[in-house]
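Trainee: I would like to go through this structure with you and ask, for each label, what value stands behind it. Could we take the elements one after another?

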Amino acid sequence: MTSNNFENIQVGTGEDLITLTRWVIAQQQDVPEATGDLTLLLTAIQFGCKFVASKVKQAGLINLLGLTGAANVQGEDVKKLDILANDIFRNALIGSGKACLLVSEEDENAMIIENKDQRGKYVVTFDPLDGSSNIDCGVSIGTIFGIFKVKDESNPNISDCIRSGRELVASGYCMYGSYCEMILSVGNGVNGFTLDPSIGEFIMTHPNIRLPPHGKIYSVNEGNHKYFDEPCKKYVEHVKQKYTARYVGSMVSDIHRTLLYGGIFGYPADSKSTKGKLRILYEVFPMAFLIEQAGGKATTGTKDCLDLIPEHIHDRSGIWLGSKEDVEELESFYK
């Protein structure tokens, strides 16, 4: 956000609220060549997040908890809310007319929008409901998304997804918990917006989020310790001597805490999952983009996450991310 757009406005006071829509439009006005397409696409994502947030709140009352009895392309049990969230975002993105190709965790294949009248210039990768194994016990869950620009608007294809994370133009996540918050970057920093249900708008509550150089919290599933490689084991033994452990088991929740408080989050590759568990296109890339935009760092241990190039749309990787000095210390154990 540029200072001349919202100078002297007190965030969250009610005097002059900065809504997500207003903020996105201001970003558009700062780019002379902008067409408004990204603004409309982000508006569709914002709508999808509001819709899913309302269903998450009602899930226990309208029979949306529990399994469908099916498994997704990852081999994971599918929750009822997974399917609903996927349908909501797919319909919202197609309806925006600004997307040309969609990649969802829940769909085996990428979806190319064939109708040229409904097709735009952006590729959207998304996990419609990350952490869904926690739905039934009320733990915070979320939606994660990344946005690329298509290489050739007349011919969107799978190669538009198989590319470096450095080519992202925007990414974000929406967390559904005790409150609903969207964290977003369009490549010029990171801002947070909290949904005010009384007016149905996301309001800026966390402007210009910056990670401290180091934190006091480490977050990793130590139940997998026996599967970790030796550098990872040594690092975890080292960091637990000085930091406090916090691990929710819902990626959006754990990274949200890391983004606000600093420290380090890890979901490394191990002997059980040799490539890692997290999907590169719609989990690793979007989160790594946000962390770097907030002044942090994201790595596999040996390579910056945004420099990865997936082999296919559901390819996986390990990840460590958070405060820059903490992540660099982790990397030193791999040298």
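Trainee: How do you know that the length of α2 agrees with what is expected of a helix?

Mentor: In this predicted model, local features need pLDDT of at least 70 and side-chain atom pairs count only at pLDDT 80 or more, while totals for chains, interfaces and linings use all residues. Residues are numbered from 1 along each chain as its sequence is written, and side-chain values use heavy atoms, with hydrogens and water left out. The expected span of a helix is 1.5 Å times one less than its number of residues; the 22 residues of α2 should therefore span 32 Å, and the end C-alpha atoms are 32 Å apart, so the two agree. Helices here are DSSP runs of H or I with at least four residues, and strands are runs of E with at least two, both numbered from the N terminus.

Trainee: Which residues of α2 are called buried?

Mentor: Buried means under 20% relative accessible area, as against exposed at over 50% and partly exposed in between, with a 1.4 Å probe and protein chains only. In α2 (residues 37–58), the buried residues include Asp37, Leu41, Ile45, Cys49 and Val52. Cys49 has a relative accessible area of 0%, and is therefore buried.

Trainee: What makes the disulfide count come to 0?

Mentor: A disulfide is a pair of cysteine sulfur atoms within 2.5 Å, and by this rule the count is 0. Cys49 is in no disulfide, for the nearest cysteine sulfur, that of Cys174, is 3.9 Å away. The sulfur of Cys161 is 8.6 Å from the closest cysteine sulfur, in Cys100, and so is too far for a bond. Cys161 is also buried, with a relative accessible area of 0%.

Trainee: Why are β4 and β10 said to stand at the edges?

Mentor: Two strands pair if DSSP finds at least two bridges between them, and 8 strands form an open sheet of mixed pairing in the order β4-β3-β5-β6-β7-β8-β9-β10. β4 (111–112) and β10 (201–206) each have a single partner strand, so one side of each is left without a neighbour in the sheet.

Trainee: What makes β8 and β9 a pair?

Mentor: They are joined by 4 bridges in the antiparallel sense, with Glu181 opposite Thr194 in β9. The two strands form a hairpin with 5 residues between them, and Gly187 in the turn has a positive phi of about 95°. On to the next pairing: β9 and β10 run antiparallel and are joined by 5 bridges, with Thr194 opposite Ile203 in β10.

Trainee: What is noted about the phi of Asn208?

Mentor: Asn208 has a phi near 50°, a positive value in a residue other than glycine, and Asn208 lies in the loop between β10 and β11 (217–219). Most residues other than glycine have a negative phi.

Trainee: Why is Ser317 called buried?

Mentor: Ser317, in strand β16 (residues 316–317), has a relative accessible area of 6%, and is therefore buried. Counting contact as heavy atoms within 4.5 Å, and leaving out residues up to four places away in sequence, Ser317 touches Lys275, Ile280, Val284 and Leu308, among others.

Trainee: Which element gives the most to the largest nonpolar core?

Mentor: A nonpolar core is a set of buried Ala, Val, Leu, Ile, Met, Phe, Trp, Tyr and Cys residues joined through side-chain atoms within 4.5 Å. The largest one has 39 residues, and Tyr173, Leu259 and Phe285 are among those that touch the most other members. α6 gives the most to this core, with 10 residues.

How values were computed
Axes fitted to C-alpha atoms, helices over the stretch in contact; angles between N-to-C directions.
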